[in-house]
Each structure stands twice: as C-alpha cells, then as structure tokens.
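Hi,

Here is the structure I promised to pass on. Have a look at it first, and then read my notes underneath.

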Amino acid sequence: MSIEAELRAEFDRWERKEIAAFQVLPYLLLAVCTLIALLLPLWELWQHLPMTLVLSIATTIWLLWFHTLHPGWHQNASLMGLYYTGLMVLAASLVAIAPWYGLFAFVGYPQAFQYLAGHWRYAGTAATSMIMAVSYLGGMATITAGFWWAWVAISLISTVLACASSYFVESADARNHKQKRALAELHETNVKLEAALEENAGLHAQLLVQAREAGVLDERQRMAREIHDTLAQGLAGILTQLQAAEQTLDEPPTLRRHMTNAMNLARESLTEARRTVHAVEPEALAEARLPDAISDVTRRWSEVNDIDAALTTTGDPRPMHAEVEVTLLRAAQEALTNVAKHAKASRVGLTLSYMEDLVTLDVRDDGVGFEPNTKRANGSTNGGFGLAGMRQRVQRLAGRLDIESEPGGGTAISASVPAIPAGGGQ
C-alpha cells in the first residue's frame, strides 16, 4: 500500500471513531446525569424529580429524532438550527432544575460545531457557556440570591475560552479537509501517472521498434547510395574503358591507356568498397581537403573521359563536418558520372562556394540536356537512382538540390548544404 493510501485510511479511521463518539456522547452524558438524579433520595429538590425525568425523556426523543434517526436532515441548515435551539432549551431547563445536568449541557459545544455553520457556531458556543455557568454556580438559586454578576463573569470567561477553542478546532478541521482533499487529488494524480507510465511504456516499445526499423531502412539506403557511388560507378567506368579498348585493339598505345584506366578504376572501386563496408570516409577526403579532393576527382575524370572539366572555388575554404564534405564529394562524382553517361558534353564547370551559412556545389555542362520533370522508368522524376541518392544525401543535412536542364541546353545541378564546421553537430 502506498503512503498516500495509508494516510487516507488513517484519516478515515479517525473520522469514523469521531463520528461514533459524537453519536453516543449525548446519550451517555444524559444517562449519567439522570442516574445521579435517581441516586439522590435526599435531594432537596426531590419534588422536581418527575419533571426532571420528563425533560430527560423529551431530550432523549429530541436527540433520537434529529441526531440519530434522520441523518439526511443534517445538511439542512434551517432544520438543524431549530434542532440545536430546542436542545439548548431542554438543556437549560434541566440545569435550572438540577445543576449537575451541566455535564450533559457540554454536548452543546461539539453539536454546535457539527450542525451549525459560520457565526452561528459561536452563538451556539456562547449559549452553551451561559448554561454551563449556571451549573458552575450550583443552580438558579445562587444566581437569584444576588450572585448574577458571578454568572455573567463566568459566562463571559467561558464564552471567550470556548470560542477560542472552537476557532482552533475549526481551523484544525479545515486543515484536515484540505489534507484529505490533497490526498484524494494525489491519489487521482498517481492513478493518472500510473496510466501514463503504462501508456509511455507501450509507446516506448513502439518507438524502439520503429527506430529499429528506421535504422535498418536508413542503413539499407546508405549502403545502396554507397554501392551506387562506388561499385556501380566504378564498374560503369571500367566497362566504358574496356569497350573503348576493344575498339582500339589495333592501336597498342591507346589500348594500353584504356586498359590502364580500367585497372586504376578497379583498384579505386575496390578500395572505396572496403571503406564503405567499414563506414570510413572516402579515400579522397582522408588524404586531402574538400576542394582538393573534388579537384582531384575532376582531373582524373577529365583524363579518363577526355572531357574538359575544371573546379573553381570561391569564398573562404575551411574544414567542414565529415557528412557535409562526403555529401558534396559524392554529389560531384554523381554529377560527373551522369555527364559521362548521358550528356555528350565537351566541357564541364564545377564551382564550390563557401558562404557564411551554406556550402554550395554547382555543376554545369554544355551537353544535350534533358527534361527534369519527365517520369523515368523507375517511376521517379528529376533523374534516376543516382540523382535520387544525391537528393537523399542533401536532404539528410537539411540541404537542397536543384536541377535545371532542357533538351539541347545543357544541365546545371546545384547542391546546397548548411556550413557545419568540423566537430560541429548536424
């Protein structure tokens, strides 16, 4: 059981005991006072015994009718005000005849607190104090004998003390109600929290599954891009060189050049494939800065494909995050591969621009161009898998890829990514 549940149970136990005591106390005190009246045969007011018994029986009936038998009436302020007034009249009549009934009159204090509200509680407390003051002085005979001032003084002192006690009891009761309300709210909050924790546990498990699936998909897409950018491009280059060699079998120098290019491409592709498997950055970036790496790729591509190509760098070249540099290097490789395969261009210009917030790579050729929005056989627009992979790489860095082309007008590809410095987060 939780602490708040234990506290609520403890409050409930004390409240039940308190209610039971308040239910029994008036009858107990009335019975004691009546027993005293019956056990005093030499009582000088013996002749008033019948009236005392009648009033005691009337008081018992009054208590039973309002206090015990009809608990639903306890919330009716007017009706309980009438009950309390009648109770005080009966108690005052008993005390006037037999002073020891002041013991019974004490029930006026807890009953005022239980059945009256607001300032009426203090009025009931004052009435009870005045009735009990008669008991303190030994009955009405003492007061009528000239000691009325003592009754007034005792009444005032008793009223002040009783009202002060009532105030503290009322404050303590208000605190108890606040604590019970706070415990109830705490219990409700705990129930909601437990439900939320169960729901969060389910969501957490679901997120783990989704994250695992997303991780698998992301890794699959990464491998597909890397295979395309390394093995596929390398094999395409090797095939191109071997086809060219086949057509120059009677030209040994040219044949040897094509064969050498094919072997170099095979070695480079094998190296890049191994680095891809181990998730290591491309060899070109491992040995040089990004402008130098793109320039070296451009130079070798130009030599292999016999197409004029050059890189221009603007801005302030500075080390960028590894993902930024890999994305731009792969974009340059993919763009050059597409030029070699489709463009039939005679010249390619690459521009690497370092700006304050962006790094941009522009690749322009004077080839045959194409219609960017034409739907391809694979169902995509803006190019085939190579351009789609390039777009995915750029978008992973919250970048942008723009393609401008038209038939006969060449092609311009622009890849822009955030300028994230080396060692910075994505």
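Below is what I found in it, going from the overall picture to single residues.

First, the ground rules: this is a predicted model, so I kept local features only at pLDDT of at least 70 and side-chain atom pairs only at pLDDT 80 or more, while totals for chains, interfaces and linings use all residues. Residues are numbered from 1 along each chain as its sequence is written, and side-chain values use heavy atoms, with hydrogens and water left out.

**Overall**

The protein comes to 12 helices and five strands; helices (H or I, at least four residues) and strands (E, at least two) are DSSP runs, numbered from the N terminus. Of its 426 residues, 37% are buried. Buried here means under 20% relative accessible area, exposed means over 50%, and partly exposed is in between (1.4 Å probe, protein chains only). The accessible surface is about 24,400 Å², and carbon and sulfur atoms hold 62% of that; the areas come from the Shrake-Rupley method with a 1.4 Å probe, and for residues only the protein chains shown count as cover. Among contacts with a separation of 6 or more, 67% are between residues 24 or more positions apart, a contact being heavy atoms within 4.5 Å.

**The sheet and helix 10**

The five strands make an open, mixed sheet in the order 1-2-3-5-4. Strand 1 (308-315) and strand 4 (400-405) are the edges, each pairing on one side only. On average, neighbouring strands are turned by 10° against each other, direction ignored. Two strands count as paired if DSSP finds at least two bridges between them. Strand 2 (residues 347-354) and strand 3 (residues 358-365) are antiparallel to each other over seven bridges. Within strand 3, Asp362 is the residue that stands opposite Thr351.

Helix 10 lies across strand 1, strand 2 and strand 3, and runs at about 170° to strand 1. For that angle, axes are lines fitted to C-alpha atoms (for helices over the stretch in contact), and angles run from 0 to 180 degrees between N-to-C directions.

**Salt bridges**

How many salt bridges does the structure hold? There are five, counting a side-chain nitrogen of Lys or Arg within 4 Å of a carboxyl oxygen of Asp or Glu. Side chains of opposite charge can pair when their charged atoms come close.

Helix 10 is worth zooming in on. Arg300 bridges to Asp296, with the closest N and O atoms 3.1 Å apart. These two are four residues apart in helix 10 (residues 290-305), so about one helical turn separates them. Arg300 is partly exposed at 26% relative accessibility, and Asp296 is partly exposed too, at 27%. Glu303 and Arg299 form another bridge, at 3.3 Å from N to O. Here again the partners are four residues apart in helix 10, so they sit about one helical turn from each other. Arg299 is partly exposed, at 41%. Asp296, Arg299, Arg300 and Glu303 are all linked in a network of salt bridges.

Arg400 and Asp402 also meet in a salt bridge, at 2.9 Å from N to O. Arg400 is exposed at 56%, whereas Asp402 is partly exposed at 30%.

**Two other helices**

Helix 6 (residues 119-136) has 18 residues, so it should span 26 Å at 1.5 Å a residue, and its end C-alpha atoms are indeed 26 Å apart. The expected span is 1.5 Å times one less than the number of residues. Its buried residues include Arg121, Thr125, Ile131 and Met132. Gly138 follows the helix, with a positive phi near 90°.

In helix 11 (residues 322-343) you will find Glu334. Is Glu334 buried or exposed? Glu334 is buried, at 3% relative accessible area. Glu334 is also 9.2 Å from Gly389, C-alpha to C-alpha, with their positions 55 residues apart in sequence.

**Two backbone oddities**

Most residues other than glycine have a negative phi. Asp306 has a positive one, of about 55°; Asp306 is in the loop between helix 10 and strand 1 and is exposed at 72%. Ala398 also has a positive phi, near 60°. Ala398 lies in the loop between helix 12 (385-396) and strand 4, and is exposed with a relative accessible area of 66%.

Over to you!
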